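Hi there,

Here is the structure I promised to pass on. Have a look at it first, and my notes follow below.

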Amino acid sequence: MNVICSSKWVCLLCVLLCFGCQSNNSCLEKHQSVRSNVVKIQEKIVPFETDSILIGAFSRMYIEDGCLLITDSKSLSHQVYLFNKKTFRFLASTAPMGQGPDEITRIGYLATDAVHRRFYVSDHGKQKIFSYDLDSVLQNPFYKPSVKMNMDVGNFPTEYEYINDTLCIGRTILPVSVSDYVPGISRWNMLTGEMKLISYDHPDVKRKRFTYASSSKYGLALQLYTHSDLMTIVDFNGNLKCNVYGPQWNDLGSNHYYDSAVFCKSGKILASFSGGDYNREYEPTKLLVFDIDGNYIKTLEVGYRIFNMCYDEELNRLYLNFDDEIQFGYLDLDGLI
């Protein structure tokens, strides 16, 4: 701490303040120069098949109640598939590809509404969000969704956590040209369309590209930087909790760093991380484990290239989609983190 003290009492105060910042979670700037607690877990990954359904690469997974939902943007038929999350038995499909009023032209994010047993599907071709009743999808193969809302092409969510109709937390995109945009994390009111930025504008990151995760349970959101070894944690009111700098923080823009993250019920954060060359070693093969205050705990070396993941609190299980020799697998977290 670079402070010139005028007396021994001021010096003592400076020492106490510095020690207090390091010994509790009040620091806004956490520099982690070493992350060496590495545990290899490839043998703990349990591969699974999606019954008789072929799912394209780069699909995304979500959990609602007893279902594992997988979106397949490359499918020429249905783009949302539902499976039993324990047995992986195929249950239903919905969201057919097409230009019709009940079809999806360019599928985006899927958000779950556990309270009302619904899920919402973004269509970035029609700039609409469709609402699906989970039970109706499971029971009626001809079920047609309703339109939840129209999206604003000038500022829209790419992914989000649905809490209720007046509060969603998500990553939003503000286009500034045909080829450029400004990302943010926003509070979003589905009823009015109002958005309020809560993301932290880090002064040392010039070209901001980040992914996002949030947790209504903890009231926190993450900015996971793609081109910087940096994770920022903010609360839902936009207050900075901390910036977490990794060992490669000074190598700005040269490598690929964070990809995605989930909050776990044990008060932990799991973040997929690469740190490799952006062109040759793009995809992450490791999971960094933090507590919700941003303190590093360990690194889980998965051994497969991770494309996407989702977390199930009931089973305390992580579902992973790989771009590797296996496509899908899960990891039971009991006793691991």
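**The S20–S21 hairpin and its sheet**

Cys264 has its bridge partner in S21, namely Lys268. Please keep in mind as you read that this is a predicted model. That bridge belongs to the pairing of S20 with S21, which runs in the antiparallel sense over five bridges. Three residues sit between the two strands of this hairpin, and Gly267 takes a positive phi there, near 75°.

Lys268 also has a bridge partner on the other strand, S22: this is Asp291. Further along, Leu270 is matched with Val289 in S22. Strand S21 (residues 268-273) and strand S22 (residues 286-291) pair over six bridges, again in the antiparallel sense.

Where do S20, S21 and S22 sit in the sheet? They belong to an open sheet of five strands, in the order S2-S23-S22-S21-S20, and the pairing across the sheet is mixed. Strand S2 (38-40) and strand S20 (258-264) are at the edges; each has a single partner strand, so one side of each has no neighbour in the sheet. From one strand to the next, the twist averages 25°.

**S21 in its surroundings**

Is S21 buried or exposed? Six of its six residues are buried, so S21 is largely enclosed by the rest of the structure. "Buried" here means under 20% relative accessible area.

In a regular strand, side chains alternate between the two faces of the sheet. In S21, Lys268, Leu270 and Ser272 point one way, while Ile269, Ala271 and Phe273 point the other way. All of these residues are buried, Lys268 and Ser272 included.

**The second largest pocket**

Away from the sheet, I also looked at a pocket. The second largest pocket holds about 240 Å³ of space. Its lining is made up of 16 residues, and those nearest the centre are Val182, Pro183, Gly184, Leu197 and Ser199. Strand S13 (167-175), strand S14 (181-188) and strand S15 (195-197) are the elements that give two or more residues to this lining.

Which element gives the largest share of the lining? That is S14, with four residues. By residue type, the lining of the second largest pocket divides into eight nonpolar, six polar and two charged residues.

If you open the model, I would start at Cys264 and Lys268, then go on to the pocket lining around Val182 and Pro183.

Happy viewing, and best wishes

How values were computed:
Residues are numbered from 1 along each chain as its sequence is written. This is a predicted model: local features need pLDDT of at least 70, side-chain atom pairs count only at pLDDT 80 or more; totals for chains, interfaces and linings use all residues. Side-chain values use heavy atoms; hydrogens and water are left out. On a 1 Å grid over the protein atoms alone, a cavity is a set of points where a 1.4 Å probe fits but cannot get out, and a pocket is an open set with protein on both sides within 12 Å along at least five of seven lines; lining residues have an atom within 4 Å of a point. Grid points are joined across faces, edges and corners, and a volume is the space filled by probe spheres set on the points. Ala, Val, Leu, Ile, Met, Phe, Trp, Tyr, Cys and Pro count as nonpolar, Asp, Glu, Lys and Arg as charged, and the others, Gly among them, as polar. Two strands pair if DSSP finds at least two bridges between them. Axes are lines fitted to C-alpha atoms, for helices over the stretch in contact, and angles run from 0 to 180 degrees between N-to-C directions. Buried means under 20% relative accessible area, exposed over 50%, partly exposed in between (1.4 Å probe, protein chains only).
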